[in-house]
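Dear colleague,

I am handing over the structure below, together with some notes on what came out of going through it. Please read the notes with the coordinates open beside you.

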Amino acid sequence: MDEQFILRVPPSVAEQIERLMNESAAGSSSNPDDASLDLSFSEDGRSGTFMIGNQRFPASLLDLPTVVESYKTYDDSFLVKTADIGQMVMVREENDPAPEGAEYKHGLTPPMRDARRRRFRREPDLNAELVHRVEKDLISIMQGVPNASVAGGGEGGDRKKAAPALAPKRNVQEPAANGEEAEADRSDSDESDS
């Protein structure tokens, strides 16, 4: 597995990088100083400087909210996974503000905008006292204690609720009105060939 990261640059820098790559592929570089790329980080490991030619741009190393898989192909038919990418180097213009924190809150594509807030479950707001009381009630119900209190909302939360009445069964045959036993309904499958 390779070690990889995402390099996100402003559009003006992207054009310069593309031009440098095309010139180096063609083998025609007019000035070797203009063809230099450099990325250096300060001691904190999160902020640094990206240099292209003689221009300097501030850069930040950010953690992505999700892991991105990277693939490559040798024959345009089969894909081979090369890495799991979890970080991005964000190069910005001099006047752009630095991102807050070490994690980038958006993903790489527009559907992943604000991914951390929208896609991941938040911790539920639970009242510890209510959870403890419900746990005690459930344990006493499972042990068969008849006087278990049922947690309810508002005043009188310790009131005991009566067990709900059982609904009559629908398939039970009721006796006939004249005192004789009712004949069971027969289906075609109940008849025998005897």
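Which residue in β4 is the bridge partner of Met51? Before the answer, a word of caution: this is a predicted model, and everything that follows should be read in that light.

The partner is Arg56 in β4, and this pairing belongs to an antiparallel arrangement in which strand β3 and strand β4, the latter covering residues 55-73, are joined over six bridges. On the other side of the pairing scheme, Met51 in β3 stands opposite Asp38, and here strand β2, residues 37-41, runs antiparallel to β3 with five bridges between them. Strand β3 itself spans residues 47-52 and has two faces, of which the covered one carries Gly48, Phe50 and Ile52, while Ser47, Thr49 and Met51 lie on the uncovered one. Met51, the residue with which I began, is therefore on the uncovered face of β3, where strands are understood as DSSP runs.

The two hairpins that involve β3 each contain a glycine with a positive phi. In the hairpin of β2 and β3, five residues lie between the strands, and Gly45 adopts a positive phi near 80°. In the hairpin of β3 and β4, two residues separate the strands, and the positive phi, near 65°, is that of Gly53.

As for the fold overall, the protein contains three helices and five strands, and along the sequence these elements follow the order β-α-β-β-β-β-α-α. Of its 194 residues, 19% count as buried, and the exposed surface comes to about 16,000 Å², of which carbon and sulfur atoms supply 50%. Among the contacts with a separation of 6 or more, 47% are between residues that are 24 or more positions apart.

The structure holds three salt bridges, and I set them out one by one.

In one of them, the side chains of Asp63 and Arg46 meet with an N to O distance of 3.2 Å. This pair links distant parts of the chain, since Asp63 belongs to strand β4 and Arg46 to the loop between β2 and β3, 17 residues apart. Asp63, with a relative accessible area of 24%, is partly exposed, and Arg46 is likewise counted as partly exposed, at 27%.

Another joins the side chains of Glu69 and Lys81, N to O, at 3.4 Å. Because Glu69 lies in strand β4 and Lys81 in strand β5, residues 79-91, the pair ties together parts that are 12 residues apart in sequence. Glu69 is partly exposed, with a relative accessible area of 42%, and Lys81 is partly exposed as well, with a value of 32%.

Lys81 also forms a salt bridge with Asp84, in which the closest N and O atoms are 2.9 Å apart. Asp84 is partly exposed too, its relative accessible area being 41%. Glu69, Lys81 and Asp84 are thus linked in a network of salt bridges, with Lys81 bonded in this way to Glu69 and to Asp84.

If you look at one place in the viewer, I would suggest strand β3, which pairs with β2 through five bridges and with β4 through six.

With best wishes

How values were computed
Residues numbered from 1 in each chain as written. Predicted model: local features only at pLDDT ≥ 70, side-chain atom pairs only at ≥ 80, totals over all residues. Heavy atoms only, no water. Buried < 20%, exposed > 50% of the residue type's maximum accessible area, 1.4 Å probe, protein only. Helix = DSSP H or I, 4+ residues; strand = E, 2+ residues; numbered from the N terminus. Pairing = 2+ DSSP bridges. Contact = heavy atoms within 4.5 Å. Areas by Shrake-Rupley, 256 points an atom, 1.4 Å probe, with all protein chains shown as cover. Salt bridge = Lys/Arg side-chain N within 4 Å of Asp/Glu carboxyl O.
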